[in-house]
Amino acid sequence: MPSDCLFCKIVEGTIPANRVYQDDLCIVFPDINPQAPTHLLVIPKQHIASQAKAAAEDTPLLGHLLAVAADTARRRKLDRGYRVVLNTGDEGGQTVNHLHLHLLGGRPMTWPPG
Ligand code: 5GP
Ligand code: ZN
């Protein structure tokens, strides 16, 4: 794992985050700059730089992250819907190079995204 990776530091605990869920494979915590009433990040404990860098063997882990996002949305009672976003690369809007899902909810979402 790169020593300068912000989200690896959150996984290690050297940068604090309020973990609302964690298991062997991932953690969930609030985004520091929320874009919706609910804005959580679901990140693997393992460093994967982006979706574009994920290997075939990471496929079960990626599925797990989606399942955790859905479970979290149910726990948060986002019954009217929510959005999961996976920004990838510069043009995809990725600013932290450690793969993460955004779970956004609590307001109507617009389309297309910016
Ligand atoms: P990206 O733009 O890479 O898809 O998303 C990165 C997200 O990480 C942004 O929404 C940003 O607000 C969030 N973020 C950046 N630094 C921190 C931090 O130190 N703590 C938390 N909780 N979120 C962060
Ligand atoms: Zn990392």
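What follows is a friendly exchange about how the features of this predicted model get their labels.

User: How are residues, chains and ligands labelled, and what filters apply to this predicted model?
Analyst: Residues are numbered from 1 along each chain as its sequence is written, while chains are lettered from A and ligands numbered from 1 in the order in which they are written. The model is predicted, and local features need pLDDT of at least 70, side-chain atom pairs count only at pLDDT 80 or more, and totals for chains, interfaces and linings use all residues; side-chain values use heavy atoms, with hydrogens and water left out.

User: Happy to start with the metal. What makes Cys 5, Cys 8, His 47 and His 98 donors of the zinc ion (ligand 2)?
Analyst: Donors are N, O and S atoms within 2.8 Å of the metal (3.2 Å for Na, K and Ca), and water is not among the atoms, so sites may look incomplete. The SG atoms of Cys 5 and Cys 8 and the ND1 atoms of His 47 and His 98 lie 2.0 to 2.2 Å from the zinc ion. Along the chain, the donors follow the spacing C-x2-C-x38-H-x50-H.

User: Why is the arrangement around that zinc ion called tetrahedral?
Analyst: Four donors count as tetrahedral if all angles lie between 85 and 135 degrees; four count as square planar and six as octahedral if opposite donors are over 155 degrees apart and all others between 65 and 115; anything else is irregular. The four donor atoms here subtend angles of 106 to 114 degrees, which makes the arrangement tetrahedral.

User: How do you know whether Cys 5, Cys 8 and His 47 are buried or exposed?
Analyst: Buried means under 20% relative accessible area, exposed over 50%, and partly exposed in between (1.4 Å probe, protein chains only). Cys 5 has 6% and therefore counts as buried, and Cys 8 is buried too, at 3%. His 47, with 23%, is partly exposed.

User: What surrounds His 47, and where does His 47 sit?
Analyst: His 47 is in the loop between E3 and H2; helices (H or I, at least four residues) and strands (E, at least two) are DSSP runs, numbered from the N terminus. Leaving aside neighbours within four places in sequence, His 47 is in contact (heavy atoms within 4.5 Å) with Met 1, Pro 2, Cys 5, Cys 8, Asn 97 and His 98.

User: What makes the pair His 47 and His 98 a polar contact?
Analyst: A polar contact is a pair of N or O atoms within 3.5 Å; within protein, one must be able to donate a hydrogen and the other to accept it, and residues adjacent in sequence count only if both atoms are side-chain atoms. The side chains of His 47 and His 98 are joined at 3.3 Å, and this is a polar contact.

User: Which polar atoms meet ligand 1?
Analyst: A nitrogen atom of ligand 1 is 2.9 Å from a polar backbone atom of Pro 30. Oxygen atoms of ligand 1 lie 2.5 Å from a polar side-chain atom of Asp 31 and 2.8 Å from an N or O atom in the side chain of His 102.

User: Why is Gln 94 called buried, and what does its side chain reach?
Analyst: Gln 94 is in the loop between E4 and E5, and its 7% relative accessibility makes it buried. The side chain of Gln 94 reaches the backbone oxygen of Ala 49 at 3.0 Å and that of Val 96 at 2.9 Å.

User: What about His 100: buried or exposed?
Analyst: His 100 has 5% relative accessibility, so it counts as buried. Its side chain reaches the backbone oxygen of His 98 at 2.6 Å.

User: How do you know that the span of H2 agrees with a helix of its length?
Analyst: The expected span is 1.5 Å times one less than the number of residues. For the 17 residues of H2 (59-75) that gives 24 Å, and the end C-alpha atoms are 25 Å apart, which agrees. Among the buried residues of H2 are Leu 61, Leu 65 and Val 68.

User: Why is Lys 77 called exposed, and what is its phi?
Analyst: Lys 77 has a relative accessible area of 62%, so it is exposed. Its phi is near 60 degrees, a positive value in a residue other than glycine, and Lys 77 lies in the loop between H2 and E4.
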